[in-house]
Amino acid sequence: MKKIRTSTKAGDNRLLKVLKRILLAVFIIFLCVVIAGIGVFEYLKVQGRNASQGIAVGDGYTEIIEYDGKKYKYNENMVSVAFLGIDQNELVELGEKDFAGASDAMMVVAIDTKTKKARVIALPREIMTEMNTFYEGSEEIRSQETHQLYLAYSYGGGGELSCRNAVETISRVLYGVNIPYYYALDLDGISALNDAIGGVVLKPKCDIPSIDVQKDKVTTLKGKASETYVRTRDGVRAEGSLERLDRQVQYVESFVSQVAPAIMTDITKLYSLYNVGAQYSKTNLDSSDAAYLASLLMSGGSVTFDTYTIDGEMTTYEDEALENTYHAAFYPNEDSLMQTVLDVFYIRIG
């Protein structure tokens, strides 16, 4: 029997050429996907930047303020977002429930689009201020009354009007500065976003036995423990609300410090978080707005921000309709409040 001779060398060369073509094709496809991803991100940033241009300021706004012998001018480079934590497991409107909820947590994030510097103002929920109330099922204003700040959301009936009323009332507290964006998150959204980044690591400011949290013992909050940590408060002392606000600020700082590096290395993480939050939130921030604001915050390679709290007096008053029922009321120190607004939204001139 004759042996058939084969050229293994020629066959190997053909196979090698085919493999090279396949690898080259895969690489080109991968490169196109990456470039397309970056291109989309850059496009969204541009769209968000354009959307934030030319936004009118709020009622009561003053462009030039003279205070304590100094003159200040409103910083036209500022863009702000009001974050509202709603005390309901899901965002509902009147008709679905008797009470649409209230904004138990309120923070304003202000970003200077020129310097890329971010500042956060944490607002006590019990600030006594004037707000609009509406006829049920209508946007027609019924009256203007003085209540705790967190009730402005509830007077809007739970829909978009609630968010707008809350933001307009916050703006009124801050001397009419413009706050064009809002993001309202329900209770279930806290644990959803928390777990989307693998949990939030922090050093607790107090003991919370129900979730096995010990003061100053570093822990990773997961699941409902994150909600418990930012919601638990001493219901006996009026100051318990301010202590809770301090924990909420700590939690937000910890969350941002953990999520920012992930977004910097993988831009798709931003859209993933945006989509997770979308199930539990009401907002007028679209994906392009979010991309633009994120790009501002991360432009320096890290995300840091100064946090401001408002000094003032926390008191209690008795409910006129309910015997032996008391409510907390916070009255801001006007000097502290004015200085905070000037530091965040204005530039000293002259």
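## Cysteines

Cysteine 206 is partly exposed in this predicted model, since its relative accessible area of 22% is not under the 20% that marks a buried residue. Cysteine 163, with a relative accessible area of 0%, is buried.

A disulfide is a covalent bond between the sulfur atoms of two cysteines. Searching the whole structure for such bonds gives zero disulfides.

## Aromatic pairs

A pair of aromatic rings is described by the distance of the centres and the angle of the planes. The count of aromatic pairs here is three. In one pair, tyrosine 74 and tyrosine 346, the ring centres are 5.3 Å apart and the planes stand at 85°. This pair is edge-to-face because its angle is over 60 degrees. Tyrosine 74 belongs to strand E2 (residues 70-74) and tyrosine 346 to strand E15 (residues 346-349), so the contact ties together parts that are 272 residues apart in sequence. Both partners are buried: tyrosine 74 has a relative accessible area of 9%, and tyrosine 346 has one of 6%.

Tyrosine 251 and phenylalanine 255 form a tilted pair, with 6.4 Å from centre to centre and 35° between the planes. These two residues lie in helix H6 (residues 240-265) and are four residues apart, about one turn of the helix. Tyrosine 251 is buried at a relative accessible area of 9%, and phenylalanine 255 is buried at 16%.

## Charges over rings

Arginine 125 is placed over the face of tyrosine 150, 3.9 Å from the ring centre. A further arginine, residue 247, has its charged end over the ring of tyrosine 229, at 5.7 Å from the centre of that ring.

## Helix H8

Helix H8 covers residues 287-298, which makes twelve residues. At 1.5 Å a residue the helix should span 16 Å, and its end C-alpha atoms are 16 Å apart, so the expected span and the model agree.

Ten of the twelve residues of H8 are buried, so the helix is largely enclosed by the rest of the structure. The buried residues are Ser288, Asp289, Ala290, Ala291, Tyr292, Leu293, Ala294, Ser295, Leu296 and Met298. Among them are the aromatic residue Tyr292 and the acidic residue Asp289.

Definitions and conventions: Residues are numbered from 1 along each chain as its sequence is written. This is a predicted model: local features need pLDDT of at least 70, side-chain atom pairs count only at pLDDT 80 or more; totals for chains, interfaces and linings use all residues. Side-chain values use heavy atoms; hydrogens and water are left out. Rings of Phe, Tyr and Trp (its six-membered ring) pair if their centres lie within 6.5 Å; planes under 30 degrees apart count as stacked, over 60 as edge-to-face and the rest as tilted. Buried means under 20% relative accessible area, exposed over 50%, partly exposed in between (1.4 Å probe, protein chains only). A charge sits over a ring if NZ of Lys or CZ of Arg is within 6 Å of the ring centre and within 35 degrees of the ring normal. The expected span of a helix is 1.5 Å times one less than its number of residues. A disulfide is a pair of cysteine sulfur atoms within 2.5 Å.
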